[in-house]
Each structure stands twice: as C-alpha cells, then as structure tokens.
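Visitor: Please take me slowly through one part of this model, the sheet, and spell out the cut-offs behind each term as you go. A short word on a helix for context would also be welcome.

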Amino acid sequence: MTTPDNKPRSHLPMRNTVPARFIPYDAKDPDMVKTPIEQLRPPEGAPNVLIVLIDDVGFGASSAFGGPVATPAAEKLAAGGLKYNRFHTTAICSATRAALLSGRNHHNAGMAGITEIATGQPGYSSVLPNSISPLAKTLKLNGYNTAQFGKCHEVPVWQSSPAGPFDQWPTGGGGFEYFYGFIGGEAHQWYPSLYEGTTPIEAPKSPEEGYHLMEDMTDKAIGWIQQQKSLAPNKPFFAYFAPGATHAPHHVAKEWADKYKGKFDAGWDALREETFARQKKLGVIPPDAQLTPRPKDVPGWDDMPEAFKPVLRRQMEVYAGFLEFTDYHVGRLIDNLETLGIADNTLIYYIIGDNGASAEGSVNGCFNEMSYFNGLQSLETAEYLTERIDMLGGPDSYNHFAVGWAHAMNTPYQWTKQVASHFGGTRNGTIVHWPKGIRAKGEQRTHFTHVIDVAPTILEAAGLPQPVAVDGISQDPFDGVSMLDSFNDAKAPEFHDTQYFEVMGNRAIYHKGWTAVTKHYTPWIMGPKPELDDDVWELYDTTTDWTQSKDLSKEMPDKLREMQRLFIIEAVRNKVLPIDDRMMEKINPDTAGRPILVHGKTQLLAGGMGHLSENCVLNVKNKSHSVTAQIVVPQGGAKGVIIAQGADIGGWALYAHDGKLKYCYNWGGFKHFMVEGATPLPAGEHQVRMEFAYAGGGLGKGGKVTLYVNGQKDGEGEVGATLAFIFSADDGCDVGKDGGSAVSPDYKSGDNAFNGKVKAVLLSIAEDDGKHVLDPADVIRIAMARQ
C-alpha cells in the first residue's frame, strides 16, 4: 500500500527548491552541504493507474454481467478483483467523461450534454472551470507520467481546430503528457481522423492493409507503457484508455461478426429473457429482481417484417463482434502489464460503458448513422438496408443497430442512452482490479457508486490529497466520494447517498435507495418536447425493487414530492438550472450563445490544411455559397481533390476528374449529385470556382451548381437535396486531398491528392442579394499575397 509522506501536496505545483541556509564562497568548503536534486514523485508505493472506459455499452451486453457477448478480458479481471453492479454514469458520453476525469458532477464541470450543443450557461458551456483540476493534471503535478488513448469528447467545439487553444485538449490543460486518438464524439474505425498530441496525423496504413483503430490505439498504449517502465521504472503512470468502440459506427472485420452467426435469430425480446436468466444465475442482480417491460416506443420483435429480420440479426452480430474485438484488445493491454510484472500494483478500472447502449440507430437501425442527425432516417428502409447487409461493419458502412437491440443490451433495465431518468441509461457494470490493494478475488460490491467517485478513489489509493489550490486557483471540492473502504469490506456502509441525473430534460434523483424519475423525451422520436412541468414522475424503492419495475408514485405522493424537492435542491447546487431541453437551437451557435471559430462570411484556406472539423470551417449548409480555388495544373492534365468536406456518408468535393473540373454533392450516401465541367483544364495556373445557388424554402433543400474556370462558365447542374445539419462527426475538411473515406465514388480513399498545387481556397457565403462577397480578382490577389 501507499506510504504517506509529509510533502505539501495541497497546493500544486509544489515548490521544487528550498533556499540554502548556508552558502559558502567555495564549493570545496568542508561546511558545504550537498543539496540533492529531488525528483517529483508521488508517495512511495503509489500504484500505477489504468482506466478503461468503453463507449455505448449497456449493463446487459458483457458476459461479465450476464450479457450475450463474450468478454473474456473483463471476466478474467473480475475473477481477480471486484464487480460493482450499482455503478452509474450520466447517460451521455461527454458528460460522463468530464465527470470521470474531474470527480465532479457533469454540470459543475460545465458539461451538461455533449460539446456540440454547448450554450452560454455555466453548467452547459463545455468549459471546464479552472477551479477544477483534471485528475490527470493532479497526478502529473504529484509525479505521475500520464497518457490518454482513444476518444476525447470534452474539447469545446470552437477550440477543436489544430490552432487550439488547447486548454481542454488532453496534452494541453488536460494534464496528459501524451495523447493518441481523436477529438469528437465518434470515429470511423477504418478511416479515423487522428491526432498525436495536438498534431493531426494520418493512420499508419489502410483498411486493405489491415488497419483498425482499436488495434492501432492498443499498440500505441502498450508501446507507451513499455517505454515508460523502461525509462522511469520507479515512477507510476496514469493511462486513460478510452476506445471509440462500441459507439457507432459499429466497425469490425467480418470474421469477428461471424462468430455470432445465428446467435440472435430469436430476436431482441427473447434475448432480454435469456440475458435476464443469466444475470440471476451469475448473481449480478438479486433473485427477486423483475424484468422491466418493453416500452411501447420500442417495437416488439414479432412486429418487425419477417423479410427484414436477417438485416436486424446481422446488425446485432456485428455489434457483438465489435464488443468482443474491443475486449480482446483490452486483454492485450492487461496482458502487457502482467508481462512487465507491474499488474499487482496497477489499479485498474474497467468501466463497461459511458452510458447505456445507444438507441440512436432508431427503429430500423441504419447503414449511415448520420441519417439520424440529419432527419433522414425514413430513407433507411428495410429494402435499402437489405441491399447492404453484407457491407455492415465494413469500411464502406457507418452502421448502427436498431432500438430493440439497444434496449436488450440494457437488460434488465428500462430505456437507453440519453435517458438519464432510468437505469437503462445510467447503470454500467464496472470491474476494479488491484491485487496489492484488494485482498478479495472474484467478489461483488453492491454499493451505489457513480463515475464521480473514481477520481477521489484514485487519489486516496495513491496517498494524495485533493488539492486546495492549483496554479494559484482555489479548487472546488469533489462531488464524488472515495470507494476505497468498499475494496476490502463488502459490508462497508453506503457512502454515496444522494445523486441527481439530468440530460436534456430526462432527469432523476437518487437518495438512500429511493429514486424519483421522469422521462422527458425519447431519443429516437423527433419532434417537439413537452413542457417540463407536464412531465410525469415515477417513484421507485430500489432497496426492494432492483430494476425500477414498480412505480409507487400514486401510492406514496408525499414521498414523491419529497424527492422532487431534493432534485431541485441538487439541481441548484450543481448548476443544472435552467434545464435546457432544446436541440436545434443548441446545434446553432448563434442561438446557443457559444463562441465560433470562424467569423464573417468568408474563410481562406491554405493548401495542405486538413483535419478541420465542421465547427472549424465556414458553415455552407442551407445557404448560397461559393468555393474558389487557385490551382496549378501540371503537364499531362489535372487529377485529384482540390477541396473536400465530409466523407462517404455525406459531404461535398471539388476535384479534377478525367482532366476536367467536377463537383460532387454526397447526400448522406443515398445519392451523389454530380456536376462536371465541359473542357479539360490545361497546364498552368488557374482559378476554378463552384457557385451554389440555394433553392431556399427551408432546411436541407437543393440548389443549382455552376462551375467556372478563370471566370468563364464551364458547367452547371442541379443538386436535388442537401444535408441540413451535419456531414460527418469524424471526417473533416481537407485542402488538396480528401482524407479519410472518400466523398465521391470517382476517386479512392487514401489515393486522391491533387497532382498539381492548390495554393488557396476561399469559402464564401453569398449576401442576401445572392452576390458573393469577393469577386475572382480579389481571390487571386489574396491567394498570391499569402504565398
């Protein structure tokens, strides 16, 4: 165990020198006192720390908690440690991650929901207060080496470009010395947009060469730990391993999905019954627990068309293969600790899900998850999906499973991710392993715990106090409570008595076994939400009703009112008010009240710029705009991408094909609208231009495209419809190539760079009268001035 020391660790960073009491003139003076250079270290015996946080996995998915998906690494870890079967998250990803890495409730950490819907309200801003030192920073300032791998969804969107600021990037203000992964909510596992530190990089190989992000980030994590123990063996590390898996898109090689061939043929209702029985047999739920009924908004398996069921089964096979594949690589990481001989004094948290399983695939599931966010899910018909059944999980898909599977993955609880009111959205199986600190093997703990309890537990295990001040700023106290007492005492008193939950109006309060909950909206049902005061509250006594199956609100109205009052008290204390259930208004930064990176109606991009997320590029959706580029065409003709935004799941590209200028608008992968120039581009320097005249009349409408070469009209055509809200959550804008998956079928992913030179590209939004802000002469002048 950790040996306490007397260092002044409450104020960080600590002073690193002490004034000498006697300073001789000559270093050879016999009274000279040698002052050793003291290296920054935590107290002796402080453990290494590894947090594994899997994405979008419900309580009833992993075999470690009775689920149908084999997770041998999780089972092995649990056999040597502890399972916590009442561990909770916030019901949505950014919020859970902010809470995990701060030890504070997510609104207190400024992260009410996801970064893309931040507002100007303190609890909703996505800005971490400087009165909250991230866990990694606190550990680093106490002598730990720190590294993060995988997903980071806590960077404010206006700070997510390669220009920063990097205050909330992992290696900026986040406290991590090394980062390898992606910034945002999800990643294309075959074609991710990667960063190393704050530098955008390309994946080391293509999917055809065997690339997958899960394997890549595991290799990087193993390599970092090996190097750290080689160079600083007496210094502990904190590694945060947060895969994009198993968030959509569900990407995995066919052989992993095929392991589950036929195992889900009976459908999701039968799967819930099977999982429920296994959970009771395994003991992760009590013998008297009740299986909650399927909500009316979740269709029954028997209600689905028989001809469509092969697709639905394949969706679940792919997801299961993805989760097992993820666990396999977590196992590789843990095996590496054993090989290095450091597993015994490594405190491991394996948190199986940052929220419940996701229902964002809607009723049918989808081939392209972005159709959900663009309001195009009606196009993901049974026929459309059936035609693409063999592509699910592969590099050309961006798939998600149906609501029924998500609900089954949250067995035995009600609802799903985003539904913070019920345990289906917030309860996640968690395993803790630390042989040097936990005597018990293969035991279970039933204490109510929350993701905010992890940070205080780690500090206590390392013999470190919560800092009073960091960088001269007084620190807010932890909202979480250390779990350490429960590590070696199954009968330790409950320590986390009260906890609120809230995501976009779905809300609940837990207090000493009682829960009062209200579901405000259903994630996969679009349309107006009810008034907050019209929400219907439910009341459950979870000391006798483990799964929230018996609503006592009508029998015990006084208890319900007591709990509702407590929710208001906690909401005020934790910056939850005013509750903000808006969606469209929060997506738009102008109505949300958050900063934007790009101001005005023009943006000049230099050749070679890339990895630019949608929040870093002028928004050309739902309006007339132009794209003008200054290019140099080599002898032999032009070929390749001049500029592209988005991916094969949606976006646009201006490029040269067969020597001619061409424009492609990819409408969510459903249709490609092509407009081609009439004449080949001759060698030499040229200005090429695409003007898009938006049809108007609402969001997502079409328009007319006109192509120009050196100011002369060269082609025109119609775009029948556009994407109203988002092109890609992962693939950004690139100048001189199309990184990631290809927007247009005319060229290949990874082999599409422009064969000449792209000097500059100007994006311009048309004025109200339809005229563009800069004429071609201005574009040339600006482009040439920047060379």
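Guide: What follows describes the sheet, strand by strand where possible, and then turns to a helix.

The model is predicted, so that local features need pLDDT of at least 70 and side-chain atom pairs count only at pLDDT 80 or more, while totals for chains, interfaces and linings use all residues. Residues are numbered from 1 along each chain as its sequence is written, and side-chain values use heavy atoms, leaving out hydrogens and water.

The sheet is open and mixed in its pairing, with ten strands running in the order β8-β7-β6-β5-β9-β2-β10-β11-β3-β12; strands are DSSP runs of E with at least two residues, numbered from the N terminus, and two of them pair if DSSP finds at least two bridges between them. At the edges stand β8 (199-201) and β12 (443-445), each having a single partner strand, so one side of each has no neighbour in the sheet. On average, neighbouring strands are turned by 20° against each other, direction ignored, with axes taken as lines fitted to C-alpha atoms. The partner of β12 is β3 (residues 82-84), and the two pair in the parallel sense over three bridges, with K83 standing opposite Q444 in β12.

As for the helix, α7 (residues 309-339; helices are DSSP runs of H or I, at least four residues) is largely enclosed by the rest of the structure, because 25 of its 31 residues are buried, meaning under 20% relative accessible area with a 1.4 Å probe and protein chains only. Just after α7, G341 takes a positive phi of about 75°.

Notes: Buried means under 20% relative accessible area, exposed over 50%, partly exposed in between (1.4 Å probe, protein chains only). Axes are lines fitted to C-alpha atoms, for helices over the stretch in contact, and angles run from 0 to 180 degrees between N-to-C directions.
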